[in-house]
Amino acid sequence: MTETLAAIDAPALPQTRHLATSIPGPRSAVLHEQRVQQVSSGFGITLPVFVNRADGGIIEDVDGNRLIDFASGIAVTSLGASNRRVAERVAKQLEDFTHTCFMVTEYESFTQVCSWLNQHTPGDFEKRTALFSTGAEAVENAVKIARAATGRANVLVFDEAYHGRSLLTMGMTAKVNPYKLNFGPMPEHIVRAASANPLRPAAGAATVEAVLASVERTLVEHGPQTFAAMVIEPIQGEGGFVVPMAGFIPGLRKLADKHGIVLVIDEIQAGMGRTGKLFASEHEGVAGDLILTAKALANGVPLSAVTGRKELMNAPHAGGLGGTYAGNPLACEAALAVFEQFEDGALLENAQLIERVAREILEPLVRQTSVVAEVRGRGAMLAIEFADAGSLAPRPDVAAAVSKACHGAGVLTLTCGTHGNVLRLLPPLVIGEELLRDGLGVLAQQIRSAAS
């Protein structure tokens, strides 16, 4: 490989993996025990280490360990967890004011964020944007907007979908444990259809045409005229980083048009450059009527958005959308700093190079081991699915063992998937190639050890 990852801003932390203690270290262990005594046990934990600093592709804990970050705060800190330009704009805004509530008195940065999203999201039509704070808020408000515009109630979602933890978005999410377990009853008017998982197709739906036919049968069964929206992730995140069969998203676009349904594309995890394009739906050549962004939108400062067709976005009555912290000025300044750093194209190139390096190191494991069923994804949104060769019986035990071993070796990884058998990779788009290769080498070594 002759290309190298482009430097954005020189990180302050050394960009090398370093183990000063075991993982977790003694100071983290003490702090974690305090957490147990003070924090609801409903919050899970991937790795019980407490962070001192983070920057670039490195997380430094309170014991002096430096871990390679393949999580990015679940696809949030794509520009590094201490991005200098984000910090500068937020600090300047802190000096002026921290909050007014945009529905009470206005500020220009809110409008500027909306303008950028209107210009840069897919779709050659006039758009409007509404800002919120969390991804779940964006999803719920998209449903509100679609219902206001259509006068219909039903929402179509898909197998392996994840849309959030609020009551409505829990209902829209497919996975029961841990997201829906013990929290019912779920909201009504949510209908689930087959997804287009190439590795694990729905029964009797091994082709994209068969899956789309199944989706239309589901619509017809409930009455297509009752559906306000269909909501789809262009790459299904928590469901296993599933890249749908070619033609599935365009096929949904046609079904939505045929039945007058609002197509909502949930780019909360896959958007903002994560897949090597600004928005993952660009890979499919499809524009949603509404598009949802959050996570990396403001690089760690809570901000989300619904962007879409003017006539849809203006359907709710005045006062029908909003929220106390919606489009907070600190978050808007952070987003504007993020937008600036996408201007020269280097971040998108880095995402594409991350994929090439990762595939070079990880794809041979499919043929070299009997437990790696697939390496998949786009850009810096990649996954390894563990399953027995031939039967494809899920191996969550291998995914958990590999992830735990990586943690002990100083590489932060996350698992996901309906069966918990997928290890996902979300490195910051600013990670250096040497550090990336080191982390991937550790991962490949641990997979070989677990498979032997």
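This passage describes a helix pair, several salt bridges and some unusual backbone geometry in a predicted model.

Helix 13, spanning residues 396-408, packs against helix 14, which covers residues 433-451. The two axes lie 9 Å apart and form an angle of about 135°. That angle makes helix 13 oblique to helix 14, since only values over 145 degrees would count as roughly antiparallel. The crossing of helix 13 with helix 14 is right-handed. On the side of helix 13 the contact is made by Val398, Val402, Ala405 and Cys406, while helix 14 contributes Leu443, Gln446, Ile447 and Ala450. Sorted by class, this contact comprises 7 nonpolar residues and 1 polar residue, with no charged residues.

Helix 14 also takes part in a salt bridge, formed between aspartate 438 and arginine 17. The closest N and O atoms of this pair are 2.9 Å apart. Aspartate 438 belongs to helix 14, whereas arginine 17 is in the segment before helix 1 (26-38). The pair thus links distant parts of the chain, 421 residues apart. Both partners are partly exposed: aspartate 438 has a relative accessibility of 26%, and arginine 17 has one of 30%. In general, side chains of opposite charge can pair when their charged atoms come close.

The count of salt bridges in the model comes to 24. One with partners in a single helix joins aspartate 96 to lysine 92, again with 2.9 Å between the closest N and O atoms. These two residues are 4 positions apart in helix 3 (residues 84-96), so about one helical turn separates them. Aspartate 96 is partly exposed, at a relative accessible area of 45%, and lysine 92 is likewise partly exposed, at 46%.

A further salt bridge connects the side chains of arginine 200 and glutamate 385, with an N to O distance of 2.6 Å. Arginine 200 is located in the loop between strand 6 (190-193) and helix 7 (208-222), and glutamate 385 is in strand 12 (residues 381-386), so the pair ties together parts that are 185 residues apart in sequence. The partners fall into separate accessibility classes. Arginine 200 is partly exposed, with a relative accessible area of 23%, but glutamate 385 is buried, at 3% relative accessibility. Through salt bridges with shared partners, Arg200 and Glu385 are joined with Glu374 and Arg376 into one network.

The backbone was also examined for cis peptide bonds and positive phi values. Most residues other than glycine have a negative phi, and most peptide bonds are trans. The bond from asparagine 177 to proline 178 is cis, with omega near 15°. A cis bond also leads from glycine 184 to proline 185, where omega is near 5°. Proline 178 lies in the loop between helix 6 (167-172) and strand 6, and proline 185 is placed in the loop between helix 6 and strand 6 as well.

Histidine 189 is found in that loop too, between helix 6 and strand 6. Its phi is positive, near 70°. At 41% relative accessibility, histidine 189 counts as partly exposed. Methionine 272 has a phi near 55°, also a positive value in a residue other than glycine. The position of methionine 272 is in the loop between strand 8 (262-266) and strand 9 (290-293). With a relative accessibility of 2%, methionine 272 counts as buried.

Key:
Residues are numbered from 1 along each chain as its sequence is written. This is a predicted model: local features need pLDDT of at least 70, side-chain atom pairs count only at pLDDT 80 or more; totals for chains, interfaces and linings use all residues. Side-chain values use heavy atoms; hydrogens and water are left out. Axes are lines fitted to C-alpha atoms, for helices over the stretch in contact, and angles run from 0 to 180 degrees between N-to-C directions. Angles under 35 degrees count as roughly parallel, over 145 as roughly antiparallel, 65 to 115 as roughly perpendicular and the rest as oblique. A crossing is left-handed if the near helix is turned anticlockwise from the far one by less than a right angle, and right-handed if clockwise. Contact means heavy atoms within 4.5 Å. Ala, Val, Leu, Ile, Met, Phe, Trp, Tyr, Cys and Pro count as nonpolar, Asp, Glu, Lys and Arg as charged, and the others, Gly among them, as polar. A salt bridge is a side-chain nitrogen of Lys or Arg within 4 Å of a carboxyl oxygen of Asp or Glu. Buried means under 20% relative accessible area, exposed over 50%, partly exposed in between (1.4 Å probe, protein chains only).
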